[in-house]
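Biologist: I'm new to this one and would like a close look at a single part. Could you pick one helix and walk me through its surroundings?

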Amino acid sequence: MFENRSFDNLLGRLYQPGEVASFDGVAGRDLSNPVPERVAGAADHKVVPYGWPRT
Amino acid sequence: MNSPSPDPGEEYQHVNTQLFGLIDPPGNRGVVADKMTAPYNAPADPRQPPAMDGFVADYVSAFTAELGRPPAFEEYAEIMTGYTPDQVPVLSALARGFAAFDHWFCEVPSQTFPNRSFFHAGTSSGYVVNMSPAGSFPIHNTAETIFERLEAKGLTWRVYCDPPSRISLTGIIHAPRLLDRW
């Protein structure tokens, strides 16, 4: 549990844009990773956006 | 509070794919880290900027290797999810109350042992994963430690170890240097 989690996974939404002077988080940004070819779901999804629909 | 599950791949080979989006050679896809071969998913040009676009690709590969089947979309999409501050209140309170490093990079983009070795010795003796092949690390991690430098200047030092650990991990990682101090 919590082995090797990314900063964005655990603290990416710690602050909203403008809440503090400087914070390189994920809120307010359009972030995604491509879905590799030939994997399940590739026909319907070109990318997985940060946050996905889970929250 | 267990997402993504299983854990993301953490070895150097996996992190290369996560940072650069490469699986090279193709036979490294869907196999455990120990079975991967050179160049271990690293780009041919070491100056290639990491696009951070391979987290999904690597998670599909790591999931397949660990569970013996490829993941469904809903399973691998978990790698792109993140917690809200409300979901991790203690961690978020600590991060808000103290300093949060949003541009921190570990010395070796990989596992525990090489990074702890850098912390104590400024090097990991060239090793980039914990203990593979068996015996490489920490058996041959001969780098001088900060503890010996302290000693050389007449200063004392001590490494504390709490139960349930019976042996100091610091001692194990630097066994060639510190074994006789256990």
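**A close look at one helix**

Modeller: Sure, and bear in mind that this is a predicted model. At 26% relative accessibility, B:C106 falls in the partly exposed class, because buried would take a value under 20%. B:C161 lands in that class too, since its relative accessibility is 32%. While we're on cysteines, the count of disulfides over all chains is 0.

Now for the helix itself, α1 of chain B, which spans residues 12–20. Of its 9 residues, 8 are buried, so the rest of the structure largely encloses this helix. If you want to find them on your screen, the buried ones start with B:Q13, B:H14, B:V15 and B:N16, and carry on through B:T17, B:Q18, B:L19 and B:F20. Just past the helix sits B:G21, with a positive phi of about 70°.

So what does the covering? Part of the cover over those buried residues is α2 of chain B, residues 55–67. The two helix axes come within 6 Å of each other, crossing at roughly 145°. On the α1(B) side, the contact is made by B:H14, B:T17 and B:Q18, while α2(B) brings B:F55, B:A57, B:D58 and B:A62. Sorted by class, that contact between α1(B) and α2(B) has 3 nonpolar residues, 3 polar ones and 1 charged one. Notice that B:H14, B:T17 and B:Q18 also belong to the buried set of α1(B).

Definitions and conventions. Residues are numbered from 1 along each chain as its sequence is written. Chains are lettered from A and ligands numbered from 1 in the order in which they are written. This is a predicted model: local features need pLDDT of at least 70, side-chain atom pairs count only at pLDDT 80 or more; totals for chains, interfaces and linings use all residues. Side-chain values use heavy atoms; hydrogens and water are left out. A disulfide is a pair of cysteine sulfur atoms within 2.5 Å. Buried means under 20% relative accessible area, exposed over 50%, partly exposed in between (1.4 Å probe, protein chains only). Helices (H or I, at least four residues) and strands (E, at least two) are DSSP runs, numbered from the N terminus. Contact means heavy atoms within 4.5 Å. Axes are lines fitted to C-alpha atoms, for helices over the stretch in contact, and angles run from 0 to 180 degrees between N-to-C directions. Ala, Val, Leu, Ile, Met, Phe, Trp, Tyr, Cys and Pro count as nonpolar, Asp, Glu, Lys and Arg as charged, and the others, Gly among them, as polar.
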